Amino acid sequence: MIEIRDVTKSYGSNAVVDRVSMTLPARGLTSIIGPNGAGKSTLLSIVSRLMPMDKGQVLVDGLDVSRTAGDILARRLSIMRQDNHITARLSVRDLVAFGRYPYSKGRLTADDVEHVERSIAYVGLNAFEHRFLDELSGGQRQRAFIAMVLCQDTDYMLFDEPLNNLDMKHAVETMKLLRRLADDFGKTVVVVLHDINFASAYSDHIVAMRDGRLAFEGVPSDMIEPSRLQAIFDVDCRVHAVGDTRLVNYFE
Amino acid sequence: MQADLKRISPAGMLLVTAILALVSMLAFMTLGAKGSWAFILSFRGTKLAGMILVAYAIAVSTILFQTISGNRILTPSIIGFDAMYALLQTVMVFFLGAAGATAADPRLQFLIETAAMVGFSVLLFRALFSGATRSLHLLMLVGIILGGLFRSLSSFLQRILDPNEFIVLQDRLFASFNTVNVDLLGISAVAVAGVTFVLWRLFPTFDVLSLGRESAIGLGVDHHRTVTILLVLIAVLVSVSTALVGPVTFFGLLVASLAWQITPTASHRFVLPIAVCLAIVTLVGGQVILERLFAFNTALSIVIEFVGGLVFIFLLVRGSAR
């Protein structure tokens with residue numbers, strides 16, 4: 001369980017995350033949605049202690065993220081960020097192996113190697129494992145970074161817009177993969193998503209943010225509602241039920 | 001070129017550079033030796049020890065600086081380390097006079113200079129990293145501007161200096177691998193050993209740091225603490241090399257870029273020792289060629305700065321082309 005208590009982060013007088021309090025349930029897949037500039041990525045960075053908060057507290061399984069030692073937290077919680085710029089020339093395998101650093105501090109054991117191989121296979125990059133990152137397409141790179149998070153094998157996995165750069169096939173495969181992490185391995189997956197239909201189809205729980213604040217939260221069937229979506233995104237849309245899934249048509 | 005080099009394993013590359021380094025050391029000690037071996041070995045031995053210390057200090061400080069800044073064309077001199085050394089020397093000659101500065105215990109001078117440079121880097125780092133903006137690039141920019149300030153101050157003081165004293169100062173400011181400061185060898189060796197011990201303990205974090213701040217934190221590295229310690233160690237290493245031979249701007253860049261280029265992996269386990277070996281080859285081998293082929297007609301630092309400058313321009317041009 002991730003408890004976010006009264007977290008505030010401002011740049012100058014502009015609060016990008018404004019007194020947000022919420023509890024992200026353990027296990028299952030939680031999506032964070034909201035328009036650009038709503039503070040989703042900032043909140044995720046604060047939860048994963050990449051960014052200090054001005055006020056408030058974040059507890060992951062009761063551990064305060066701003067006080068707990070980095071390497072202890074790195075075995076509980078991992079994050080994949082939006083922009084992953086790396087100067088070093090790394091192969092896919094090198095990159096994924098970094099996911100084991102919190103456990104092995106750079107000396108891979110047989111167990112670590114197995115984790116690395118399983119993670120690469122999971123995202124379907126076996127054929128590319130010796131390629132350098134700058135020799136991959138955007139989508140393949142994205143999957144390599146996902147594999148690194150898988151390899152870190154933490155109970156909590158945060159993904160900041162993991163579907164960026166991915167085509168339809170890989171976007172769906174990625175979401176299914178995240179779903180499997182939650183269902184088969186009992187992980188807690190938190191994803192920032194832009195495509196509302198992906199959020200609707202794959203989430204157990206949806207959190208909506210707007211202007212740095214928590215707007216709504218709830219299960220997809222409550223959240224995917226024209227009036228709520230209007231309040232979150234300022235967009236008129238219609239919601240259709242297709243099988244068990246509610247799909248949003250916001251094109252008209 | 002890269003395609004060919006990929007076939008050599010990292011360990012093989014390390015072996016090749018290590019052998020080259022050994023050969024150049026051996027050549028330096030034995031070539032053209034006439035007269036008493038006891039004298040030659042001790043005379044050349046101290047010079048060699050000095051050059052090895054400098055090679056190690058410059059190679060390691062540059063590689064680590066590039067790792068923490070995430071940039072392959074930066075060197076410690078860019079944040080004003082060299083300029084600060086020149087200013088310290090100038091101030092010393094200015095206020096103590098040439099005689100006073102020469103008479104003062106060089107070890108004491110070394111300690112004061114090192115302390116000042118470490119203090120400078122920590123102050124700069126703390127001031128820029130404790131605020132809201134935690135940007136290494138801001139640190140670089142402020143460093144570049146302070147470097148400019150130091151240089152202007154030095155040149156101002158040099159202009160109003162007595163010409164005789166200025167000659168003494170100039171002699172101290174030109175890097176010379178031929179006149180290694182022997183008085184400082186012992187204390188430099190101790191400083192380098194101390195730095196190496198701390199580096200050894202931090203070694204596993206280097207590769208992770210090269211992934212960038214966020215990834216390093218995500219993997220559990222205390223980024224702020226580690227980078228602060230590394231900057232202090234880099235300051236000590238730069239002090240050692242400048243105190244021993246004087247400021248060399250492009251040497252570190254030359255050696256570091258070559259090391260990144262020829263090492264088939266980005267792992268510091270290989271890049272660091274290969275860079276050190278390359279630095280030894282360049283310095284010691286270069287000195288041999290200079291002494292035996294050109295009969296001391298030119299200074300090694302001039303050659304190295306010339307080649308290093310060319311490499312720097314090449315890297316800039318290639319970087320913009322990509």
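How many bridges pair E4(A) and E5(A), and in which sense? I looked this up first. E4(A) and E5(A) pair over two bridges, in the antiparallel sense. I keep in mind throughout that this is a predicted model.

**Entry: the sheet in chain A**

I followed the bridges outward from there. In E5(A), Asp64(A) is the bridge partner of Leu59(A). On to strand E1 (residues 2-11) of chain A: its antiparallel pairing with E4(A) runs over five bridges. Within that pairing I noted Thr8(A), whose bridge partner in E4(A) is Lys55(A).

Then I wrote down the strand order. The open sheet of chain A has four strands, E2-E1-E4-E5, with antiparallel pairing. E2 and E5 of chain A are the edge strands; each has a single partner, so one side of each has no neighbour in the sheet.

**Entry: positive phi in chain A**

I checked the backbone angles next. Most residues other than glycine have a negative phi. I picked out two residues that go the other way.

Asp61(A) is not a glycine, yet its phi is positive, about 50°. I located Asp61(A) in the loop between strand E4 (55-60) and strand E5 (63-64) of chain A. That loop belongs to the hairpin of E4(A) and E5(A), which has two residues between the strands. Is Asp61(A) buried or exposed? Neither in full: Asp61(A) counts as partly exposed, because 15 other C-beta atoms lie within 10 Å.

Arg19(A) also has a positive phi, near 45°, and is a residue other than glycine. Arg19(A) sits in strand E2 (residues 14-24) of chain A. I counted its surroundings too. Arg19(A) has 14 C-beta neighbours inside 10 Å, so Arg19(A) is classed as partly exposed.

**Entry: Ile224(A)**

I moved further along chain A. Ile224(A) lies in the loop between helix H9 (220-223) and helix H10 (226-233) of chain A. Why does Ile224(A) count as buried? Because 26 other C-beta atoms lie within 10 Å of Ile224(A), and the cut-off for buried is 20 or more.

What does Ile224(A) touch, neighbours within four places in sequence left aside? I found Ser200(A), Val239(A), Arg246(A) and Val248(A) in contact with Ile224(A). I also took one distance. Ile224(A) and Pro162(A) are 62 residues apart along the chain, and their C-alpha atoms are separated by 21 Å.

**Entry: chain A against chain B**

I turned to the contacts between the chains. On the chain A side 21 residues are in contact with 17 residues of chain B. Three elements of chain A each supply at least two residues to that side: helix H2 (70-73), strand E6 (77-80) and helix H4 (101-104). H2(A) gives the largest share, three residues. By class, the residues on the chain A side are 10 nonpolar, six polar and five charged. For the model I noted ipTM 0.86 and pTM 0.86.

**Entry: chain B overall**

Chain B has 13 helices and zero strands. I noted that 41% of its 322 residues count as buried. Contacts in chain B with a separation of 6 or more come to 82% from residues 24 or more positions apart.

**Entry: two helices of chain B**

I compared expected and modelled spans. Helix H4 (residues 81-103) of chain B has 23 residues, and a straight helix would reach 33 Å at 1.5 Å a residue. The end C-alpha atoms of H4(B) are only 25 Å apart. I looked for a bend in H4(B) and found a kink of about 115°, centred on Gly97(B).

Helix H11 (residues 251-262) of chain B behaves otherwise. Its 12 residues should span 16 Å at 1.5 Å a residue, and the end C-alpha atoms are 17 Å apart, which agrees. I listed buried residues in H11(B), among them Phe251(B), Leu253(B), Leu254(B) and Val255(B).

**Entry: confidence in chain B**

I closed with pLDDT. Chain B averages 81, and 89% of the residues score at least 70. Which elements of chain B have the lowest and the highest mean pLDDT? Helix H1 (residues 2-6) of chain B is lowest at 47, and helix H8 (residues 185-209) of chain B is highest at 91. Residues 1-5 of chain B stay below 50, and this stretch has two contacts in the model beyond near neighbours in sequence. Where pLDDT is low, the predicted coordinates should not be read in detail.

Technical notes. Residues numbered from 1 in each chain as written. Chains lettered and ligands numbered in written order. Predicted model: local features only at pLDDT ≥ 70, side-chain atom pairs only at ≥ 80, totals over all residues. Buried ≥ 20, exposed ≤ 12 C-beta atoms within 10 Å, placed from the backbone. Contact = placed C-beta atoms within 7 Å. Nonpolar A, V, L, I, M, F, W, Y, C, P; charged D, E, K, R; others polar. Pairing = 2+ DSSP bridges. Expected span 1.5 Å × (residues − 1). Bend = angle between axes of the 7 residues up to and from the residue. pLDDT = per-residue confidence, 0-100.
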